[in-house]
Structure formats: structure tokens, C-alpha cells
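Load the model in your viewer and keep the selection panel at hand. The stops below cover pockets and a helix.

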Amino acid sequence: MTLPVTPSFRLDGRRAVVTGAGRGIGLASAAALAEAGAGVTLVARSLDEIEAVAAEIAAAGGRAVAARLDVTDLGAVARFFAERPAFDILVNNAGTNRPMSMIDVAEADFDAVLDLNLKSSFFVAQAVVRRMIEDGVAGSLIHMGSQMGHVGGINRSLYCASKWGLEGMNKAFALDLAQHRIRSNTIAPTFIETPLTRPYFEDGAFRSGVLEKIKLGRLGQVTDLMGAVLFLASDASAMMTGTSLIVDGGWTAD
């Protein structure tokens, strides 16, 4: 009898691009991919941040380059990916949030959240995929969603709209791209402690309410998502497409 061999989590020889890579979840995603052997392109509007991250990855023995790109500039997005060889892996991570009651939402708030979280994610993926198909690359798209793409939340109407939209977009992508051997999945985290979210947790009542819903009893950390990113990027998830890895400490189980 020959025992089956576990598919590799290694990414040697593969090229990855991570948007919003200067801090938080994007930074951790880039670090995880580089540690597994991928050459990583870090993308963000602020070049200083991603250059610092690229230097840290290089110091740890990984391969990373920094490239400034505003993913809301769709013309720049199209040019950026057309000018480069196909990537094997996309981590579609750039995003924002403006928590407020739906009663208070202005059109500018709606546009700011939906344009970055959903519209830009769509067209970044499109540009990546077009080059994948052109170069004959079978790849993996990983979209950073949220538990709020599976449930509702107080003062989260804009964020929920964008992340529920991302989940639907992801499923349709999976169907469109299966014939090209390109997979599309989301990761749906709970509240992760990052520079973006940390100020919210200074409100004791808010923090307590969050921890009550996270059944494992603690805030998520970026390290809690690194394994999920690596899994979806690698051959270990070769039969997964059009689905969501919910990393929420039990929030949506209740």
C-alpha cells in the first residue's frame, strides 16, 4: 500500500501580490507568503510603509518588493498589472470602514467604503486574472472579507454591504474562472487587532460587546489569519473555490 502524500504548503517559485500590505492583515499576509517561499509584491498608497515591510521580509530571508499603487485609480491598476508578468496569488486586502448608523450615512461615506472595499477589489482581481489567462497561469485569488459578510452588525451597514457584496462577487468569480484553473475564495475574520481597529477597542463597552460575541474569548490577531492565507494560496486547497474561510472565534456560530 502506498500512503497518500500531503499536498505542499510551500510556494517556492510563485509570485504573489498583496494590496494594502503596509500594515495589519496585509503585512501579515505578505510575511506568511514570503516565509513559504513566494516572491511577494507589496502594494499600497504609502511607499514608505511597504518599503519598510519589504526590508523586514528580506532581512528574514524572504523575497519582497514594494510598489506604490492606489487601487481606487482603476486606470493605474490596469497599467500596473499589464506591465508585469502574471502573478500566481492575489491577496485582495485593501479596505476601509466608516462605522455609523445607516441614518447618518452620506453619499460620500457610501462611496468611500464601497469604492475601496468592493469596486477596487473587483477591478484589481480582473486585472490580475486577465494577465493570468494571458500567461496561462493557474492561480489563487484570496479576497479579505469579514464575518460581517455573513451577518449584520450595529453601525456596520456600509461595511456589511461591501463584504456581503464581496462574498457574492467571489462565488461568481469562482464559476467564471474555473475553466482557467483559477480559484477564488474569501477569508472572513472577526475583529482583528490592527492599527486600524485598535482605537475602537479603547471604548470599554465596545470591547466588552465584541468579546461577548467571540466565543473563544479574545480579540483576533493577525497571526490568526496567516495560516488561512497560506492554505488558500497553496496546493493544500487545490479543490477549494467559491467559498469562505470564516476565522471568527465562533461569532457566526451563535
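The second largest pocket of this predicted model holds about 210 Å³ of space. To display its lining, select Met148, Gly152, Gly153, Ile154, Asn155, Arg156, Phe191, Phe206, Gly209, Val210, Lys213 and Trp251. Colour that selection by residue class: 6 are nonpolar, 4 polar and 2 charged. Arg156 and Lys213 belong to the lining and count as charged, whereas the glycines count as polar.

Next, go to the largest pocket, with a volume of about 1000 Å³. Which residues should be selected to find its centre? Pick Asn93, Ala94, Gly95, Thr96 and Leu196, the closest to the centre among the 41 residues of the lining. Then show the elements that give two or more residues to this lining: helix H1 (24-35), strand E2 (39-44), H4 and helix H5 (157-177). Coloured by class, the lining of the largest pocket splits into 17 nonpolar, 18 polar and 6 charged residues.

Stay with H4, one of the elements in that lining, and select residues 107-135. How far does this helix reach from its first C-alpha to its last? The span of its 29 residues is 40 Å, close to the 42 Å expected at 1.5 Å a residue. Now centre the view on Asp115, where H4 has a kink of about 45°. Finish at Gly136, which follows H4. Check the backbone there: the phi of Gly136 is positive, near 70°.

Notes: Residues are numbered from 1 along each chain as its sequence is written. This is a predicted model: local features need pLDDT of at least 70, side-chain atom pairs count only at pLDDT 80 or more; totals for chains, interfaces and linings use all residues. Side-chain values use heavy atoms; hydrogens and water are left out. Helices (H or I, at least four residues) and strands (E, at least two) are DSSP runs, numbered from the N terminus. The expected span of a helix is 1.5 Å times one less than its number of residues. The bend at a residue is the angle between axes fitted to the seven residues ending there and the seven starting there. On a 1 Å grid over the protein atoms alone, a cavity is a set of points where a 1.4 Å probe fits but cannot get out, and a pocket is an open set with protein on both sides within 12 Å along at least five of seven lines; lining residues have an atom within 4 Å of a point. Grid points are joined across faces, edges and corners, and a volume is the space filled by probe spheres set on the points.
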